[in-house]
Amino acid sequence: MSTSTDHGRPDPEATSPAANSDGRPVSDRGDTVCVIGAGASGLTAIKNLREHGFGVDCYERETGVGGAWNWRHDRSPVYASTHLISSKPFTQFPDFPMPDSWPDYPHHGQLLSYFERYADHFDLRSHIWFGTEVIRVEPVEGDRWDVTTRSTGGYGPERTARYAAVVIANGHNWSPKLPRYEGLEQFRGEIMHASSYKDPAQLRGKRVLVVGAGNTGCDIAVEAAQQASRCWHSTRRGYWYAPKYVLGRPADQVNDSLLALRVPLRVRQWLYHWTLRLTVGDLTRFGLPKPDHRVYETHPIANSQLVYYVGHGAIGPVPDVARFHPYAVELADGREIDPEVVVFATGYLPRFEFLDASVFGDSAGAGRPTLWLNAFTPGHPTLAVAGLLQPDSGLFTLSHWQTVLFARLLQARRDRPERATAFAQRVRDRAGERYSGPVKDSSRHWFEVGHADYLRAIQRALVELEGK
Ligand SMILES: Cc1cc2nc3c(=O)[nH]c(=O)nc-3n(C[C@H](O)[C@H](O)[C@H](O)COP(=O)(O)OP(=O)(O)OC[C@H]3O[C@@H](n4cnc5c(N)ncnc54)[C@H](O)[C@@H]3O)c2cc1C
């Protein structure tokens, strides 16, 4: 159905008379769909679009698959000890289980081999242009898209190809969100964002301050507890630190059983408190601040070791940073500490630098598009975002179903346009809908979804689209 050459690749010489807004030639790719990125979300997009009969050209700026989980990639946020936070069955693609012999929480190296096997099993690599960066995505007449690429790093000529549809799967864990503090520029110690933290040797024997209590911040604090001469962990508020195992099972599996039984949020919160009371008990006894919110109102932190190391005096919990001095850090309670290394585990912000902000609506300037199902943008029925989610479990299953839905939408545009029109109306009416209980207002929770609610919403959208 597409005008692909062998293996679905665009032929750069086969330019049609079409030209882009600069008057440069455009290679028309007919019905082919463009996928940006070959991480978990891009790979599953290629697979699902191919299975629904579409030609696909995927552009990947790096030289391998796996996205964030490929530690060789210069933007990969993983560090030597990164393991899954969500457990294996709640992370894997539904049609490609991880090996039974793997642990509940595989290592990032295993994740990379999982993606390589997935790509090989479904023969995805022949549809990927590696080392090729998408630099512009522009809407053109007829709901089509001009996608301009060049070799990563800016070498070689720019090329533009015209596509029937685009899936943006560029990830949202690579552009560091850095906090601003008075005096930070004058600080003489070493400052790094968690994205540059790779190996415990970076902390060994040093006085380390870790700022931020996301899963990464807690992991790094735990490593500092074992490697550094001193570790302080600064958090803005108190958090709930969930163990990775409850009743002998991965915590997300226990939570999922409760969700499947549709146990109300308040009861789940009560059960969670009860579990914590039986294990670590009152967190303030360890010097940790009292959480100012209920469980599940911030993104879950799964870390069995943080409280353990606080209890051993190897991690000193401290409040927010007030300001930096050349040789000291002043805390919100007026105390001063003297770290040599400060690690900002302050998260990441999404970036769509290849897209004009108007495509996603005004709010896109801040990197937060208003989408339906975190995937579909009003006014652009042939554009979808995959993986722009922060689930309370693993992501890959959700990216899989997002891209199945998009593939079915593209089929409906061709075969049953009235259904596609009704879908477009739903995108307009429901953009911005949320799929989680109440969460703290912070960029950390922009894309927070409860996986059970989210999958039900996708299922409803599939049923509505197919009219069953
Ligand atoms: C420390 C850490 C732990 C995590 N733990 C878990 C976990 O336990 N479970 C879980 O489900 N998730 C976890 N995540 C989230 C993780 O981001 C997802 O698992 C997954 O990597 C997202 O896949 P993706 O394909 O959406 O994005 P990515 O993996 O980021 O892939 C995006 C790809 O797009 C490419 N790209 C970007 N821009 C362009 C461009 N302009 N042109 C061409 N290519 C481009 C990138 O090179 C990259 O290969 C974790 C994240 C971190 C940082």
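In which helix does Trp-274 lie? Trp-274 is part of helix H5, which covers residues 265-278. The model described here is predicted. The points below cover a nonpolar surface patch, two nonpolar cores and the aromatic pairs.

**Surface patch**

- Trp-270, Trp-274 and Leu-278 make a nonpolar patch of about 380 Å² on the surface.
- Trp-274 has a relative accessible area of 40%, so this residue counts as partly exposed, a class that runs between 20% and 50%.

**Nonpolar cores**

- The largest nonpolar core has 56 residues, and Leu-43, Phe-115, Leu-373 and Phe-376 are the ones that touch the most other members.
- Strands that give two or more residues to this core are E2 (33-36), E3 (56-60) and E8 (165-168).
- Helices that do so are H1 (40-51), H2 (108-121), H7 (396-415), H8 (417-430) and H9 (451-466).
- Helix H7 supplies the largest share of this core, with 9 residues.
- Leaving aside residues up to four places away in sequence, Phe-115 touches Ala-40, Leu-43, Val-65, Gly-66, Trp-69, Phe-93 and Phe-396.
- A second core, separate from the largest one, has 29 residues, among them Val-210, Cys-218, Ala-221 and Cys-231.

**Aromatic pairs: Tyr-59 and Trp-129**

- The structure contains 27 aromatic pairs.
- In one of them, the ring centres of Tyr-59 and Trp-129 are 6.3 Å apart.
- The planes of these two rings meet at 45°, so the pair is classed as tilted, a term for angles that are neither under 30 degrees nor over 60.
- Tyr-59 sits in strand E3 and Trp-129 in strand E4 (residues 128-130), so the pair links distant parts of the chain, 70 residues apart.
- Tyr-59 is buried because its relative accessible area is 5%, under the 20% limit.
- Trp-129 has 23% relative accessibility and therefore counts as partly exposed.

**Aromatic pairs: Phe-93 and Tyr-114**

- Phe-93 and Tyr-114 form a stacked pair, with 5.9 Å from centre to centre and 15° between the planes.
- Phe-93 belongs to the loop between E3 and H2, while Tyr-114 belongs to helix H2, so the pair ties together parts that are 21 residues apart in sequence.
- Phe-93 and Tyr-114 are both buried.

**Aromatic cluster**

- One aromatic cluster is formed by Phe-93, Phe-96, Tyr-114, Phe-115, Tyr-118, Phe-122 and Phe-396.
- Phe-115, a member of this cluster, is also among the residues that touch the most other members of the largest nonpolar core.
- Two other cluster members, Phe-93 and Phe-396, are among the residues that Phe-115 touches.

Notes: Residues numbered from 1 in each chain as written. Predicted model: local features only at pLDDT ≥ 70, side-chain atom pairs only at ≥ 80, totals over all residues. Heavy atoms only, no water. Patch = residues over 30% accessible without salt bridge, like charges linked within 9 Å, V, L, I, M, F, W, Y side chains within 5 Å. Areas by Shrake-Rupley, 256 points an atom, 1.4 Å probe, with all protein chains shown as cover. Salt bridge = Lys/Arg side-chain N within 4 Å of Asp/Glu carboxyl O. Helix = DSSP H or I, 4+ residues; strand = E, 2+ residues; numbered from the N terminus. Buried < 20%, exposed > 50% of the residue type's maximum accessible area, 1.4 Å probe, protein only. Core = buried A, V, L, I, M, F, W, Y, C linked by side-chain atoms within 4.5 Å. Contact = heavy atoms within 4.5 Å. Phe/Tyr/Trp six-rings, centres within 6.5 Å; stacked < 30°, edge-to-face > 60°.
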